[in-house]
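Okay, thanks everyone for coming. I'd like to walk you through one model today, so have a look at the screen.

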Amino acid sequence: MTATPPLATGVAWDAEQPSHRRYSIDRYLDPAVAVLEFERLWPCVWQLACSIDHVRVPGDFFEHRCGDLSVLIIRGDDGELRAFQNVCRHRGNLLCQGAGQGLTEIRCGFHNWSWSLAGQLREVPSRRGFGPLRNEDVPLLPARVDTWGPLVFVNLDLEAQPLNEWLEGVPDDVGWVGIEDFGCSVTTTTPVSCNWKIISEGFSETYHVQGLHPEMIASFDDVHAAQHLWDRHAVSYQLYGVPSPRLGSTVTDLDVWDSFCFTQGRRLGCKADRTLPMPEHGGSAFELLADAIRTHNAANGVDLTRFDDDDILGLRQYNLFPNTTVLVSADSFNVLVARPSRVVDQAELFTLHFDRLPPGAPRAHRPEDITNPLDAERLGLVFNQDVRIMSSLQRGLRQPGFTETIVSSEERRIINTHRVMATYLADNQAPS
Ligand code: FES
Ligand SMILES: [Fe+2]
């Protein structure tokens, strides 16, 4: 059994003094704010782009999009992972779109200029017409790329601080899970009619569970979920398999079991939105659920016996500034990215689903990438509820009598993100 990891140290929220903050709706609606974000925020921060499984083999590539910014991530012939701004140095065409494999060169589809996978110019048709033009003077424009476990991040700022420093205490806090043992099986990309911050904020608080996810509160303690803030990033520690205190003392073990199966049943082998019969013996619903998850994983060759029940039923929700949520427990690992747009009420939700791999199992080459899966059963009841409320929020913000949101200290991760965001938008020289 692993010891329950201690809370990380860092900036503490003064929970003794609950209070609220108010935020102008301009942050979500004003095109000038989006302009500032694309000028001062997105080119300066580490952004989660894809999984290592997208770019594992030489010739694999992945186009990371952030509004109209585009970064090409490529595994070179030499095994090195590199990133480039996705633009042809001739007249500016995008070089590659989407994701793929088997690339042996980077060739522009407009006039056929080509570069090596390391970004060196190799070929210019009718080169004589350009006069003196040295290959070494026209490489692809580089971007930074680095990895944390199976996650690939990029940064357009070549002077940015290293990724492992940027991530503050997060990797240490989750080190006991061993995220490098997870492989990416599926990604989804869902256009959503809202500002990107609406998506991020939806995954930055659990206050909404009692309102939006009533099916879940019989199996989730949404009242005692501890939160911790570093400087730019934050985490919430959430316990599942127990009922919300909001429901009083009448909740039975069967209620807890059914609620968990209905909302997270896939973790114990249950079909979406269904339930399984609860074993008659073996302990509380909490213990039975942890055992059922261990049994389901064992059937797939994954041994979870070294993790205690809290490690399995305790979910850690990390909010990585500015737009990424990482959800981790001993058996589950999922990542949610709110991709922005210069159009203030358009965004994309990009999700990456990982499976813990049996020891020695080959990693899948190239996850299945699914676009617009809103009606797909695989997203599940709770996630669909999360996504569907987002466009409702954005339209609500447009009502003329509504000028500011009111955010409580329970939603402190949202408050912290606004605080850090202000340092970027107010000052082009914000520390990276
Ligand atoms: S724009 Fe790429 S070769 Fe001309
Ligand atoms: Fe939710």
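Let me start with a definition: four donors count as tetrahedral if all angles lie between 85 and 135 degrees; four count as square planar and six as octahedral if opposite donors are over 155 degrees apart and all others between 65 and 115; anything else is irregular. And donors here are N, O and S atoms within 2.8 Å of the metal (3.2 Å for Na, K and Ca); water is not among the atoms, so sites may look incomplete.

Some housekeeping: this is a predicted model, where local features need pLDDT of at least 70 and side-chain atom pairs count only at pLDDT 80 or more, while totals for chains, interfaces and linings use all residues. Residues are numbered from 1 along each chain as its sequence is written, chains are lettered from A and ligands numbered from 1 in the order in which they are written, and side-chain values use heavy atoms, with hydrogens and water left out.

So, the metal. Which protein atoms are the donors of the iron ion (ligand 2)? They are NE2 of His 208, NE2 of His 213 and, twice, an OD of Asp 386, at 1.9 to 2.8 Å. The angles among these four donor atoms run from 52 to 154 degrees, and the site is irregular. Along the chain, the donors are spaced H-x4-H-x172-D. His 213 sits in the loop between α6 (209-212) and β13 (220-229), and Asp 386 in helix α10 (residues 381-397), so this pair links distant parts of the chain, 173 residues apart. By the way, helices (H or I, at least four residues) and strands (E, at least two) are DSSP runs, numbered from the N terminus. Both His 213 and Asp 386 are buried, meaning under 20% relative accessible area, with exposed over 50% and partly exposed in between (1.4 Å probe, protein chains only).

Now for some backbone oddities. Phe 321 and Pro 322 are joined by a cis peptide bond, with omega about 0 degrees. You'll find Pro 322 in the loop between β15 (314-320) and β16 (324-328).

Then there are positive phi values outside glycine. Asn 112 has phi near 75 degrees and lies in the loop between β7 (106-107) and β8 (114-115). Is Asn 112 buried or partly exposed? Partly exposed, at 37% relative accessible area. For Ser 126, phi is near 50 degrees. Ser 126 belongs to the loop between β9 (121-123) and β10 (142-148), and with 65% relative accessibility it counts as exposed.
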